[in-house]
Amino acid sequence: MKIRAIVVATALIGAAATVSAQPSARLELTEASITDVQAALTAGRISSVQLVRQYLARIAAYDHAGPELNSLIRINPKAAAEAAVLDAERKAGKVRGPMHGIPVIIKDNYDTGDMPTSAGSLALATSQPSRDGFVVKKLRDAGAIILGKSNLHELAAGITSISSLGGQTRNPYDPTRCPGGSSGGTGAAIAASFATVGWGSDTCGSIRIPSAFNALVGLRPTQGLVSRRGIVPLSHTQDIGGPLARTVTDLAIALDVSVGYDSEDAVTNVLRDTPAPRFQASLSKDALRGARIGVFLPYFRETDAEIADTVRAAIAAMRAQGATVVDVPMAEFDTLMANTSVINLETKFDLIDYLRTVPNAPVKSLRDILDRGLYDRQLEVRFRVIDTVLAADSEQHRTTLKRQAALRARMERILDSLSLDAIAYPTVRQRPTLVGEVQNGSTCNLGAQSGLPSISVPAGFAADGLPVGIELLGKGFSDTRLVALAYAFEQSGARRTAPSTTPALVAGKAPVSAPIVVTTRARGIVATTRITLDRVHSVLRWSATVKSTGGAPPSAQLSALVLRRTGNAGRISGPISGAAASGTTSASIAIPAGVSRVSARLLGPGQASGSGSFPLTYADRVAFDAGRLTVAMYTGAGVEPVEVKLAR
């Protein structure tokens, strides 16, 4: 892993040095949209070469340093040179469209003719396709710059984004947690503003889950709108590529580049004699007016209470914008969904077929990968189960495809019978899991196994600062309608906030917070506390000393020096200590406004000095920004503290 980090860091330094002579640009890239960047390019306030340099600086600061998101496997060494060519085209009056000169990230299962395509596997670290895949070629033809290739769950076979080549990608909203998967590298990279927009692939939630966990918007298109050619396959029946973006407008622009007929992929024959959908042209702030949205009740079972509340609040906002909302129960849903996935039945043979197209492929099959031990241990059971499948054409496979067709027909009948534009439910019913643990609560199989389009949109945040996504699923080829509904919902209020671990750079580097010094006096005691808030690592570092002044009474003693937080009214969920015996381990409870509580104990009785650090919770970060964190000193027998507010 250290070797890979050195290689990536060297590439970053080299690429940055190539453009270091460029003058400073006047555009802050954190959260900048395609339209923001394109406007700056058009006005001459920034060049594409400068864009590359600034994004590489963010990657250097935060991907293998700072919060160590570990979202990228490799950087395109030609990115700066490609940007210079596009700058020259712009200067000559040739602009290919809204993606001209825009740096993007692509998942490392997209074939690139000039860089290896690994799918996160150590076995494919040097696997070099002969040409760009369909989507990659369309991106380059549109003027996009492939800045780098992102990590993914190995061979896209999971949803926590760990791989033998890329390691574990971390969630920028809480680096102790996973970013979703399998396109978690793209999700983390775009959430952290390592590029303007990114591409992933979805076989069962691999676009939508990272979108939900990183406060992004992502569409799984109707099967047939996007060519699968040049994407390392997991399941030819369920695979499809698509973008992840910070805004719906960016998503629409990116989708317009992605979709289209490919004579080499028969699944796209639906577009052979039909114009491709136009997503950007479909956007309307009034799209929810008169729309009908179904609340899909089966996916509100076994759902985290805060996630369910947040999604229902999002649906209420849709109603406020003019949508009619109806409940959609479905007693037979579990039976209908059972045995509808073909992933494990297809992976073994699809991978063999793909590897035959790669010149001098380093391995020929999943069996080769297993025999050589070139996989992460977390994938062992999954890979060995897949390798036991005996034939590509089997009665089980044919039966499963029939069940998928029945599922799709049933869902479309529901949408038709209730005159629904979409059904709505949580994208994931549980919070992002801690690194190393299993992720539960996915609802991805409905869209993936029915083949119907589904879009995940930011719905808000839980009390611990983790993003929550709402998913909308519609009839086949209603993709533009879904994107329009998402756009209208987005206009009802901001539901995305940038992660605090990847703030705007200062002079090209991660910002360093100045320490805050707080002096607290009471009963002849003076406490001096020095506090530094490290947002990049989400850590608070402190040191404190306590001294007695002349004439202090004998009773003047320190009981405690603590950090306190005030406010945070609302409902929160959390574990109940010692409740396992009763069968109840968590609860959701109302917190009154104005209440104070101890966030951290700094010094105790008799201590004259001390120092340390602790992880800063999301609630504490919000309280700090709002001026609701204080240093409180307790003395003698009293229980009323002397408090001094932390001033930013």
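The lining of the largest cavity in this predicted model splits into 6 nonpolar residues, 3 polar ones and no charged ones. Ala212, Phe213, Ile307, Thr427, Val428, Gln430, Pro467, Val468 and Gly469 make up that lining. Helix 7 and strand 13 are the elements that put in two or more residues, and strand 13 supplies the largest share, with 3. The space inside comes to about 40 Å³, and the count of cavities of 30 Å³ or more stands at 1.

The largest pocket is another matter, with about 650 Å³ of space. Of the 33 residues lining this pocket, Asp174, Pro175, Thr176, Arg177 and Leu434 sit closest to its centre. Its lining breaks down into 14 nonpolar, 10 polar and 9 charged residues. Helix 18, spanning residues 618–625, gives the most to this lining, and its part is 3 residues.

Strand 13 turns up again in the strand pairing. This strand, residues 467–473, runs antiparallel to strand 11, and 4 bridges join the two. One of the matched pairs here is Pro426 with Ile470, the latter in strand 13. Strand 11 also pairs with strand 9 (residues 292–296), this time in the parallel sense and over 3 bridges. There, Gly294 has Ile423 of strand 11 standing opposite. As for cover, strand 11 is mostly tucked away, with 5 of its 5 residues buried.

Strand 17 tells a similar kind of story further along the chain. Covering residues 558–566, strand 17 is mostly covered, with 7 of its 9 residues buried. It runs antiparallel to strand 22 (residues 629–635), to which 7 bridges join it, and Leu561 stands opposite Met633 of that strand. Strand 20 (residues 596–603) is antiparallel to strand 17 as well, the two being joined by 6 bridges. Within this pairing, Val562 has Arg601 in strand 20 as its bridge partner. As a rule, side chains in a regular strand alternate between the two faces of the sheet.

What about the cysteines? The disulfide count is 1, and the bond in question joins Cys204 to Cys444, with 2.4 Å from S to S. The torsion about this S-S bond is about 85°, so the disulfide is right-handed. Cys204 sits in the loop between strand 6 (197–201) and helix 7 (208–213), while Cys444 is in the loop between strand 11 (422–426) and helix 16 (445–450), so the pair ties together parts that are 240 residues apart in sequence. Both Cys204 and Cys444 are buried. Cys178, on the other hand, takes part in no disulfide, and the nearest cysteine sulfur, belonging to Cys444, is 15 Å away. Cys178 is buried too, at a relative accessible area of 1%, against a cut-off of under 20% for that label.

Finally, there is helix 3, which takes in residues 48–62. Its 15 residues reach 21 Å from the first C-alpha to the last, close to the 21 Å expected at 1.5 Å a residue. Of those 15 residues, 13 are buried, so helix 3 is largely enclosed by the rest of the structure.

Methods
Residues are numbered from 1 along each chain as its sequence is written. This is a predicted model: local features need pLDDT of at least 70, side-chain atom pairs count only at pLDDT 80 or more; totals for chains, interfaces and linings use all residues. Side-chain values use heavy atoms; hydrogens and water are left out. Helices (H or I, at least four residues) and strands (E, at least two) are DSSP runs, numbered from the N terminus. The expected span of a helix is 1.5 Å times one less than its number of residues. Buried means under 20% relative accessible area, exposed over 50%, partly exposed in between (1.4 Å probe, protein chains only). A disulfide is a pair of cysteine sulfur atoms within 2.5 Å. On a 1 Å grid over the protein atoms alone, a cavity is a set of points where a 1.4 Å probe fits but cannot get out, and a pocket is an open set with protein on both sides within 12 Å along at least five of seven lines; lining residues have an atom within 4 Å of a point. Grid points are joined across faces, edges and corners, and a volume is the space filled by probe spheres set on the points. Ala, Val, Leu, Ile, Met, Phe, Trp, Tyr, Cys and Pro count as nonpolar, Asp, Glu, Lys and Arg as charged, and the others, Gly among them, as polar. Two strands pair if DSSP finds at least two bridges between them.
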